[in-house]
Structures are given as structure tokens and as C-alpha cells.
Amino acid sequence: MTTTSVAVQHRDHTALSEEFARALVAHLNRLRAEFHPHDPPTDPANVWGQMQHLPPVLELDFWTVKEGGVIVAHARTQLLTVGDNQHLAELELMVSPAARGRGLGRTLLGHAARAMREQIGRAHV
């Protein structure tokens, strides 16, 4: 595996935009085509609608890597801010096939793990 230095962009749930939703969904649809080639693509308008109406008890953070202006890898963390499971975090990490084997997933995991440790105050993520 080759590890390359990459620019990682971070967005929290307060900085989401329709443009970001379109770019993220394009990335997710490319990945979906790999594993579920017969499924229809997700509509970016639906995802943008969901992003605009997140419940206040949910914190989402995204880290992305772009190449040629296109997202090729992303990490998403999801934290609940109320209830019994505030110590838990959910992580989604996906890298496009053409971008695999270069350490992008490892880089994104590092960013997400550091942020989760800071946000939920846990030493082990």
C-alpha cells in the first residue's frame, strides 16, 4: 500500500450545503454501482432534504478527499447528544475503487477517531 499526503476537508452538520450533498451522493452512487449494480441511484435532492432537517440531538461530521474536484473517499461520524448512548459514535468510511490502496481510508479514520475522542471524551474509539 502506498500512503500519500492528501488534503482532507471537514464539514460538521452546521456547514452542509446542497452542493456538498450532490457531490457526496455522486460518490455514494459510484460505490453503490460497484456492490449493487441493479439498484437505482440515490437522488441528491432527497439527501439534501434530509440534511436540512436533521434532529437537534444528532451531530454529523464528514471528512472528504477529492481528486479532480470529485469526492473519492469519505468518513462520516454520527453522535447522539441525548439519552443513554451518548458515549457511542457511528462511523462510516468509504473509498472509491480507483482510490484504494493509497492510505486514504487510514487517513480519514485518523481524522474521525481524533474528533470522536474529543467530542465524546473517550480514550478508546
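Visitor: Which residue in β2 does H10 stand opposite?

Guide: Keep in mind that we're looking at a predicted model. Find the pairing first: β1 and β2 (residues 58-67) run antiparallel to each other, joined over five bridges. Within β2, the residue facing H10 is W63.

Visitor: What is the strand order in the sheet?

Guide: Read across the strands, edge to edge. Here there are four, in the order β1-β2-β3-β4, paired antiparallel in an open sheet. The edge strands are β1 (8-12) and β4 (89-95); each has a single partner, so one side of each lacks a neighbour in the sheet. Going from one strand to the next, the twist averages 15°.

Visitor: Which strands does α1 lie across?

Guide: Helix α1 (residues 18-35) lies across β1, β2, β3 (70-80) and β4. Against β3, α1 runs at about 105°.

Visitor: Now α2. Which of its residues are buried?

Guide: Start with the general idea: an α-helix has 3.6 residues a turn, so positions three or four apart point the same way. Now the case in hand: α2 (residues 44-52) buries V47, W48 and M51. Those three sit on the same side of α2, because they cover an arc of only 100° around the axis.

Visitor: And A45 and Q50, buried or exposed?

Guide: Exposed, on the other side of α2.

Visitor: What covers the buried residues of α2?

Guide: The cover includes α1 and β2.

Visitor: At the start of α2, which backbone nitrogen does a side-chain oxygen of D43 reach?

Guide: That of A45, to within 2.9 Å.

Notes: Residues numbered from 1 in each chain as written. Predicted model: local features only at pLDDT ≥ 70, side-chain atom pairs only at ≥ 80, totals over all residues. Heavy atoms only, no water. Pairing = 2+ DSSP bridges. Helix = DSSP H or I, 4+ residues; strand = E, 2+ residues; numbered from the N terminus. Axes fitted to C-alpha atoms, helices over the stretch in contact; angles between N-to-C directions. Contact = heavy atoms within 4.5 Å. Buried < 20%, exposed > 50% of the residue type's maximum accessible area, 1.4 Å probe, protein only. Arc of directions from axis to C-beta. Polar contact = N/O pair within 3.5 Å; in protein donor to acceptor, adjacent residues only side chain to side chain.
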